[in-house]
Amino acid sequence: MIKNKINYSQRKYVIGSIFILVAIILIIKLFIIQIVDDSYKQSSESNTLRYITQYPQRGKIYDRNGKLLVYNDAVYDLMIIPSQAKNIDTASFCKLLNINNETYNTSFNKAKKYSSITPSIFISQITKEEYGRIAEMLYRYPGFYFQTRSIRQYPLPIAAHTLGSIGEVTKPEMEHDAYYKLGDYIGKSGIEKYYEKQLRGKKGIKITVVDVHNREKERYMGGAFDTLPESGDDIILGLDADLQAYGEYLMAGKTGSIVAIEPTTGQILAMVSSPTYDPNELVGRQRGQRYNDLLNNPDKPLINRAISGTYPPGSTFKMINGLVSLQSGVMNANTPYPCNGKNSAPIKCTHSHGSPVRLYDAIENSCNPYFWQAFQAMMNSSRFKSQKDAFQFWYDHVTSFGLGRACESDIPFTVSGNIPKKEFYDKVYRGVWNAMTIRSLSIGQGEILVTPLQLANVAAAIGNEGYFIEPHYIKSFNNPNDSVSFERHVIDIKKQHFKDVKKGMQSVFEGDHGTARWSRIPDITVGGKTGTAENPHGQDHSIFMAFAPVENPQIAISVVVENAGFGSTWAAPIASLMIEKYIRGEITRPNVEKRVLTLNENE
């Protein structure tokens with residue numbers, strides 16, 4: 001057999017062509033790397049380039065009249081790149097920074113543990129004065145540089161709970177949102193937390209060339225790769241700074257709260273929780289220690305009692321019971337019920353007045369027997385199949401005022417209070433209960449609990465004669481792309497019934513026997529209701545709710561003064577002063593103001 005011959009002499013040309021082709025490809029690649037594409041050059045020079053985050057200005061916060069509540073002030077973070085921090089004279093460096101060697105080692109090791117090549121904060125929030133002294137000597141210490149930041153400043157020491165605070169981002173917060181890096185700041189509470197994304201803005205980056213002496217020489221490529229930060233949106237609140245400050249002044253030395261709402265919009269005009277604190281206390285490097293001091297303060301100033309304090313509403317709840325009874329059809333405003341004063345049973349009357357009593361007189365005199373009998377008539381009415389059906393009617397209408405649930409707006413951490421359900425009584429009384437069993441509900445006691453925010457909202461709903469806007473802080477943004485709207489709730493009770501209740505509430509101030517007659521305001525019509533909430537842990541709480549002017553309410557308000565006794569004694573005059581301050585702009589009853597200021601939490 002004859003085998004085919006292979007021409008091995010031609011292989012050298014094939015192999016040679018392959019080598020030539022590879023060489024050409026390598027030459028072209030090197031040309032692209034060195035001449036056309038400079039990204040590799042940038043990477044090779046990374047040890048001489050410094051990437052500095054440009055933090056945006058956080059959005060400012062204003063009150064409804066344009067008064068500045070929160071702005072930014074420049075501070076400086078001293079950054080470290082551990083791998084570059086070599087041959088440091090730690091003794092002189094510690095002296096320059098006014099720290100000890102232990103602090104230096106702790107900060108250095110923390111930064112190195114995070115990353116040896118990635119910048120991290122060595123010392124945060126250095127002041128302008130400190131910066132000027134340190135910056136001129138920093139070239140001696142490689143691996144360290146300054147990064148400009150901003151912190152919040154509060155020109156008025158008010159509304160700490162509402163405005164909230166910012167603090168260093170935590171690991172879970174970084175995992176939840178990739179925008180944040182170690183050392184960033186984030187809203188921790190209040191407005192700062194809820195509107196974080198609008199307020200924070202957008203970061204930029206600056207790339208600079210650094211020489212071997214740690215000195216910035218120039219912007220890399222003339223700043224061609226830099227990006228500018230974008231400032232956060234400014235926010236305008238419904239808050240009235242003057243009213244807020246006045247409320248905090250009146251509540252100084254007391255424990256309790258004030259909530260004022262603009263009825264037609266649902267905007268919060270003032271939210272006072274006492275005792276309070278200066279928001280400037282939670283700014284700067286000492287924020288952590290100061291926060292712990294406030295946290296451990298026995299007076300609990302960090303608690304926002306306006307949204308998280310829960311109280312039996314007492315007689316203020318009689319307005320709702322009256323409205324529900326009217327809506328049920330078992331009575332009208334002129335239906336009389338007898339009252340035997342202190343001899344009444346099963347619920348006594350705490351006031352002396354005539355009998356029988358109709359709605360307007362019952363509200364003016366805060367007659368317990370009247371509202372018990374109205375509640376009993378509804379529960380026993382043949383209009384319902386059973387008392388449990390009547391109770392469900394009551395429950396549905398009571399909760400339509402926003403009670404028994406948390407606020408669904410930009411007010412974080414609100415609590416729901418408590419409006420008992422029939423299932424609760426079925427469990428407690430094994431299914432056997434009636435109007436007599438739960439009679440304390442008729443006068444706002446028993447298992448009912450409300451927050452001051454909810455109580456102010458009830459006043460707004462009555463003043464509006466049947467509707468309320470979900471209470472909220474925000475009024476508007478400066479960014480036209482951002483809009484704000486909140487739900488309008490309509491209560492299924494006839495408008496005439498609200499008019500009847502408003503008439504009775506006006507007589508609380510203007511009637512000869514009105515429980516708030518000593519707090520009436522000349523030339524301003526006010527509808528209100530006093531309340532005294534039983535407190536098993538001490539003296540009763542003084543409670544009041546109101547709206548004014550009655551004809552076209554501009555303000556609805558609730559006041560709670562803990563352990564202060566009758567609602568007419570303390571809460572009512574405080575509310576009347578707040579109303580006068582807001583509507584009139586000044587106080588014409590200095591004697592009332594002086595008396596209110598005499599109460600302190602130890603009385």
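**View 1. Val501 and the residues that touch it.** Leaving out residues up to four places away in sequence, Val501 touches Met319, Leu323, Leu326, Leu359, Ile363 and Ile462; contact here means heavy atoms within 4.5 Å. Val501 sits in helix H19, residues 495–510. Helices are DSSP runs of H or I with at least four residues, strands are runs of E with at least two, and both are numbered from the N terminus. With a relative accessibility of 1%, Val501 counts as buried. The cut-offs are under 20% relative accessible area for buried, over 50% for exposed, and partly exposed in between, using a 1.4 Å probe and protein chains only. This is a predicted model, in which local features need pLDDT of at least 70 and side-chain atom pairs count only at pLDDT 80 or more, while totals for chains, interfaces and linings use all residues. Residues are numbered from 1 along each chain as its sequence is written, and side-chain values use heavy atoms, with hydrogens and water left out.

**View 2. Helix H13, a mostly covered stretch.** H13 runs over residues 318–328, and ten of its eleven residues are buried. Among them are Met319, Leu323 and Leu326, which also turn up in the list of residues that Val501 touches. The buried set takes in polar names too, including Lys318, Asn321, Ser325 and Ser328. Right after H13 comes Gly329, with a positive phi near 90°.

**View 3. Glu465 and its lysine partner.** Glu465 is in the loop between helix H18 (452–463) and strand E13 (467–469). What is its relative accessible area? The value is 17%, so Glu465 is buried. Its side chain makes a polar contact of 3.2 Å with that of Lys499. For the record, a polar contact is a pair of N or O atoms within 3.5 Å; within protein, one must be able to donate a hydrogen and the other to accept it, and residues adjacent in sequence count only if both atoms are side-chain atoms. Setting aside neighbours within four places in sequence, the contacts of Glu465 are Lys495, Phe498, Lys499 and Lys502. Back to Val501: its C-alpha atom is 9.3 Å from that of Glu465, with the two positions 36 residues apart along the chain.

**View 4. Glu580, a buried acid with an arginine partner.** Glu580 belongs to helix H20 (residues 571–584). Its relative accessibility is 0%, so this residue counts as buried. Which side chain does Glu580 pair with in a polar contact of 3.1 Å? That would be Arg589. Beyond neighbours within four places in sequence, Glu580 is in contact with Ile521, Ile524, Gly585, Glu586, Ile587, Thr588 and Arg589.

**View 5. Glu586, in the loop after H20.** The loop between H20 and helix H21 (590–596) holds Glu586. At 46% relative accessibility, Glu586 counts as partly exposed, whereas Glu580 is buried. Not counting residues up to four places away in sequence, Glu586 touches Glu580 and Lys581. Lys494 is another story: Glu586 and Lys494 are 92 residues apart in sequence, and their C-alpha atoms are 36 Å apart in space.

**View 6. Two cis peptide bonds.** Most residues other than glycine have a negative phi, and most peptide bonds are trans. The bond from Ser355 to Pro356 is cis, with omega near 0°, and Pro356 is placed in the loop between H13 and helix H14 (359–365). Ala548 and Pro549 are also joined by a cis peptide bond, with omega about -15°. Pro549 is in the loop between strand E17 (541–548) and strand E18 (555–561).

**View 7. Ser366 and Phe413, with positive phi.** Ser366 is not a glycine, yet its phi is positive, near 50°. Ser366 is found in the loop between H14 and helix H15 (368–379). Is Ser366 buried or exposed? At 3% relative accessibility, Ser366 counts as buried. Phe413 has a positive phi as well, near 65°, and is in the loop between helix H16 (387–399) and helix H17 (422–428). Phe413 is exposed, with a relative accessible area of 56%.

**View 8. Zooming back out to the chain.** The protein chain has 21 helices and 18 strands. Its radius of gyration is 34 Å, well over the 25 Å that the globule rule gives for 603 residues, so the chain is more spread out than a compact globule. That radius is taken over C-alpha atoms, and the rule is 2.2 Å times the number of residues to the power 0.38.
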